[in-house]
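Hello,

Here is the structure you will be taking over. Please look through it first, then read the notes underneath.

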Amino acid sequence: MAMDKTISRATVERLPIYYRELELAEEAGVQIISSSELGRRLEITPEQIRKDLVSFGQFGRKGIGYEVSALRNSVGKILGLNHRWRLAIIGAGNLGTALASYNFSALGFIVAALFDADPKIIGTEINNLRVYDFAKFKPIAGRKLIDIGVIAVPEIEAQDVADVLIKAGIRGIWNFASIKIETPPEVALINVDLTASLSVLSFYLARSSK
(Lines give C-alpha, C1' and ligand atoms only; values in the text may rest on other atoms or scores of the structure.)
Protein backbone atom coordinates (compact mmCIF):
# COMPACT_ATOMS: atom_id res chain seq x y z
CA MET A 1 0.00 0.00 0.00
CA ALA A 2 1.38 3.38 -0.97
CA MET A 3 1.52 5.74 2.00
CA ASP A 4 3.64 8.37 3.70
CA LYS A 5 6.48 6.29 5.17
CA THR A 6 7.05 8.87 7.90
CA ILE A 7 3.67 7.93 9.42
CA SER A 8 3.35 4.41 10.77
CA ARG A 9 0.58 2.06 9.69
CA ALA A 10 -0.36 1.66 13.36
CA THR A 11 -0.93 5.42 13.66
CA VAL A 12 -3.17 5.44 10.59
CA GLU A 13 -5.15 2.47 11.93
CA ARG A 14 -5.82 4.30 15.22
CA LEU A 15 -7.24 7.38 13.49
CA PRO A 16 -10.66 5.81 12.74
CA ILE A 17 -10.86 4.76 16.40
CA TYR A 18 -10.27 8.38 17.46
CA TYR A 19 -12.77 9.62 14.90
CA ARG A 20 -15.53 7.30 16.10
CA GLU A 21 -14.96 8.12 19.79
CA LEU A 22 -14.95 11.85 19.05
CA GLU A 23 -18.18 11.38 17.12
CA LEU A 24 -19.76 9.64 20.12
CA ALA A 25 -18.49 12.38 22.45
CA GLU A 26 -19.94 15.07 20.20
CA GLU A 27 -23.29 13.28 20.08
CA ALA A 28 -23.24 13.19 23.90
CA GLY A 29 -22.76 16.96 24.03
CA VAL A 30 -19.09 16.94 25.08
CA GLN A 31 -17.38 20.10 23.83
CA ILE A 32 -13.84 19.77 25.20
CA ILE A 33 -11.91 16.56 25.77
CA SER A 34 -8.39 15.96 27.06
CA SER A 35 -5.99 13.36 25.75
CA SER A 36 -6.26 11.70 29.19
CA GLU A 37 -10.04 11.38 28.91
CA LEU A 38 -9.87 10.20 25.31
CA GLY A 39 -7.20 7.71 26.31
CA ARG A 40 -9.30 6.45 29.23
CA ARG A 41 -12.24 5.83 26.92
CA LEU A 42 -10.13 3.99 24.37
CA GLU A 43 -7.60 2.34 26.68
CA ILE A 44 -4.79 4.08 24.80
CA THR A 45 -2.16 6.15 26.61
CA PRO A 46 -2.53 9.95 26.36
CA GLU A 47 1.09 10.08 25.20
CA GLN A 48 0.29 7.81 22.26
CA ILE A 49 -2.73 9.89 21.28
CA ARG A 50 -0.72 13.12 21.36
CA LYS A 51 2.10 11.47 19.39
CA ASP A 52 -0.35 10.22 16.74
CA LEU A 53 -2.06 13.58 16.33
CA VAL A 54 1.13 15.65 16.19
CA SER A 55 2.10 13.62 13.11
CA PHE A 56 -0.53 15.65 11.25
CA GLY A 57 -0.26 19.06 12.90
CA GLN A 58 -1.00 20.93 16.10
CA PHE A 59 -4.40 20.34 17.70
CA GLY A 60 -5.87 21.48 20.99
CA ARG A 61 -4.51 23.81 23.66
CA LYS A 62 -2.11 22.82 26.41
CA GLY A 63 -3.84 22.56 29.77
CA ILE A 64 -7.29 22.79 28.16
CA GLY A 65 -7.66 19.93 25.71
CA TYR A 66 -9.20 19.43 22.30
CA GLU A 67 -12.37 20.97 20.95
CA VAL A 68 -14.31 17.81 20.12
CA SER A 69 -16.09 19.03 16.99
CA ALA A 70 -12.99 20.67 15.51
CA LEU A 71 -10.78 17.64 16.19
CA ARG A 72 -13.35 15.24 14.75
CA ASN A 73 -13.54 17.35 11.59
CA SER A 74 -9.74 17.49 11.35
CA VAL A 75 -9.33 13.73 11.81
CA GLY A 76 -12.09 13.17 9.26
CA LYS A 77 -10.25 15.29 6.71
CA ILE A 78 -6.98 13.46 7.42
CA LEU A 79 -8.82 10.19 6.75
CA GLY A 80 -10.34 11.64 3.58
CA LEU A 81 -13.87 11.20 4.89
CA ASN A 82 -14.84 14.61 3.52
CA HIS A 83 -14.57 13.06 0.06
CA ARG A 84 -17.43 10.99 -1.37
CA TRP A 85 -15.50 7.86 -2.37
CA ARG A 86 -17.32 5.62 -4.84
CA LEU A 87 -17.11 1.84 -4.45
CA ALA A 88 -17.66 -1.00 -6.87
CA ILE A 89 -18.22 -4.45 -5.39
CA ILE A 90 -16.98 -7.35 -7.51
CA GLY A 91 -18.78 -10.54 -6.62
CA ALA A 92 -22.53 -10.51 -6.02
CA GLY A 93 -22.65 -13.65 -3.89
CA ASN A 94 -23.50 -13.78 -0.19
CA LEU A 95 -20.60 -11.56 0.92
CA GLY A 96 -21.01 -9.06 -1.91
CA THR A 97 -24.73 -8.84 -1.25
CA ALA A 98 -24.11 -8.23 2.46
CA LEU A 99 -21.58 -5.49 1.69
CA ALA A 100 -23.96 -3.87 -0.79
CA SER A 101 -26.58 -3.68 1.95
CA TYR A 102 -24.28 -2.06 4.51
CA ASN A 103 -24.65 1.66 5.25
CA PHE A 104 -21.23 2.93 4.14
CA SER A 105 -22.74 6.34 3.38
CA ALA A 106 -22.44 7.29 7.06
CA LEU A 107 -18.68 7.55 6.47
CA GLY A 108 -18.99 9.16 3.06
CA PHE A 109 -18.61 6.02 0.94
CA ILE A 110 -21.05 5.30 -1.86
CA VAL A 111 -21.62 1.81 -3.27
CA ALA A 112 -22.06 2.82 -6.91
CA ALA A 113 -22.05 -0.54 -8.72
CA LEU A 114 -22.05 -4.32 -8.38
CA PHE A 115 -20.29 -6.67 -10.79
CA ASP A 116 -20.36 -10.40 -11.38
CA ALA A 117 -19.46 -12.89 -14.11
CA ASP A 118 -22.46 -15.21 -13.64
CA PRO A 119 -25.00 -14.73 -16.48
CA LYS A 120 -27.78 -15.72 -14.07
CA ILE A 121 -26.95 -12.77 -11.80
CA ILE A 122 -25.95 -10.13 -14.36
CA GLY A 123 -28.83 -7.73 -14.96
CA THR A 124 -30.56 -8.42 -11.65
CA GLU A 125 -30.84 -5.89 -8.84
CA ILE A 126 -29.49 -6.18 -5.30
CA ASN A 127 -30.34 -3.45 -2.80
CA ASN A 128 -31.48 -1.25 -5.71
CA LEU A 129 -28.15 -1.74 -7.48
CA ARG A 130 -27.96 -3.33 -10.90
CA VAL A 131 -25.43 -6.15 -11.25
CA TYR A 132 -23.17 -5.43 -14.23
CA ASP A 133 -21.09 -7.81 -16.33
CA PHE A 134 -17.54 -7.78 -14.96
CA ALA A 135 -16.25 -8.22 -18.51
CA LYS A 136 -17.35 -4.60 -19.06
CA PHE A 137 -15.81 -3.28 -15.84
CA LYS A 138 -13.48 -0.62 -17.28
CA PRO A 139 -16.02 1.45 -19.26
CA ILE A 140 -18.70 1.15 -16.57
CA ALA A 141 -16.26 2.02 -13.78
CA GLY A 142 -15.11 5.03 -15.76
CA ARG A 143 -18.67 6.18 -16.30
CA LYS A 144 -19.54 5.76 -12.62
CA LEU A 145 -16.29 7.37 -11.41
CA ILE A 146 -15.28 4.40 -9.27
CA ASP A 147 -12.45 5.05 -6.79
CA ILE A 148 -12.34 1.78 -4.85
CA GLY A 149 -12.79 -1.82 -5.96
CA VAL A 150 -14.10 -4.27 -3.36
CA ILE A 151 -13.07 -7.87 -4.07
CA ALA A 152 -15.68 -10.33 -2.79
CA VAL A 153 -14.90 -13.34 -4.99
CA PRO A 154 -13.39 -16.78 -4.28
CA GLU A 155 -9.62 -16.92 -3.65
CA ILE A 156 -8.84 -18.48 -7.01
CA GLU A 157 -10.35 -15.47 -8.83
CA ALA A 158 -9.02 -12.68 -6.62
CA GLN A 159 -5.73 -11.90 -8.39
CA ASP A 160 -7.36 -11.87 -11.82
CA VAL A 161 -10.02 -9.48 -10.52
CA ALA A 162 -7.34 -7.27 -8.96
CA ASP A 163 -5.45 -7.15 -12.26
CA VAL A 164 -8.57 -5.94 -14.06
CA LEU A 165 -9.14 -3.25 -11.42
CA ILE A 166 -5.56 -2.05 -11.67
CA LYS A 167 -5.65 -1.87 -15.47
CA ALA A 168 -8.88 0.11 -15.22
CA GLY A 169 -7.11 2.74 -13.11
CA ILE A 170 -8.71 1.91 -9.75
CA ARG A 171 -6.74 3.66 -6.99
CA GLY A 172 -7.79 1.57 -3.99
CA ILE A 173 -8.62 -2.10 -3.43
CA TRP A 174 -10.45 -3.59 -0.44
CA ASN A 175 -9.78 -7.32 -0.63
CA PHE A 176 -12.01 -9.80 1.22
CA ALA A 177 -10.55 -12.88 -0.46
CA SER A 178 -8.41 -14.93 1.94
CA ILE A 179 -5.35 -14.72 -0.25
CA LYS A 180 -2.51 -12.27 -0.74
CA ILE A 181 -2.82 -10.34 -3.98
CA GLU A 182 -0.12 -8.38 -5.77
CA THR A 183 -0.61 -4.69 -6.52
CA PRO A 184 1.74 -1.89 -7.64
CA PRO A 185 2.92 0.62 -5.00
CA GLU A 186 0.60 3.36 -6.25
CA VAL A 187 -2.51 1.27 -5.55
CA ALA A 188 -3.71 1.35 -1.93
CA LEU A 189 -4.54 -2.17 -0.74
CA ILE A 190 -6.35 -3.27 2.40
CA ASN A 191 -6.83 -6.99 3.08
CA VAL A 192 -9.68 -8.22 5.27
CA ASP A 193 -9.12 -11.90 6.06
CA LEU A 194 -12.31 -13.09 7.76
CA THR A 195 -10.98 -16.64 8.08
CA ALA A 196 -7.84 -15.48 9.87
CA SER A 197 -9.89 -13.28 12.21
CA LEU A 198 -12.14 -16.19 13.18
CA SER A 199 -9.10 -18.42 13.66
CA VAL A 200 -7.61 -15.90 16.10
CA LEU A 201 -10.93 -15.77 17.95
CA SER A 202 -10.96 -19.57 18.04
CA PHE A 203 -7.46 -19.52 19.56
CA TYR A 204 -8.58 -17.32 22.47
CA LEU A 205 -11.76 -19.32 23.02
CA ALA A 206 -9.81 -22.58 23.06
CA ARG A 207 -7.35 -21.19 25.62
CA SER A 208 -10.10 -19.77 27.85
CA SER A 209 -11.97 -23.10 27.81
CA LYS A 210 -8.90 -24.75 29.33
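The notes below cover a sheet, a nonpolar core and two loop residues.

This is a predicted model, in which local features need pLDDT of at least 70 and side-chain atom pairs count only at pLDDT 80 or more, while totals for chains, interfaces and linings use all residues. Residues are numbered from 1 along each chain as its sequence is written, and side-chain values use heavy atoms, with hydrogens and water left out.

Sheet. Seven strands form an open sheet with mixed pairing, in the order E5-E6-E4-E3-E7-E8-E9. Helices (H or I, at least four residues) and strands (E, at least two) are DSSP runs numbered from the N terminus, and two strands pair if DSSP finds at least two bridges between them. Strands E5 (125-126) and E9 (188-191) are the edges, each pairing on one side only. E4 (residues 109-116) and E6 (residues 129-133) run parallel and are joined by three bridges; Leu114 has Val131 in E6 as its bridge partner.

Core. The largest nonpolar core (buried Ala, Val, Leu, Ile, Met, Phe, Trp, Tyr and Cys residues joined through side-chain atoms within 4.5 Å; buried means under 20% relative accessible area, exposed over 50%, partly exposed in between, with a 1.4 Å probe and protein chains only) has 23 residues. Those touching the most other members include Phe115 and Phe137.

Loop. Asn127 lies between E5 and E6, with phi near 50°; Asn127 is partly exposed, at 43% relative accessible area. Asn128 is in the loop between E5 and E6, has a positive phi of about 65°, and is exposed at 70%.

Regards
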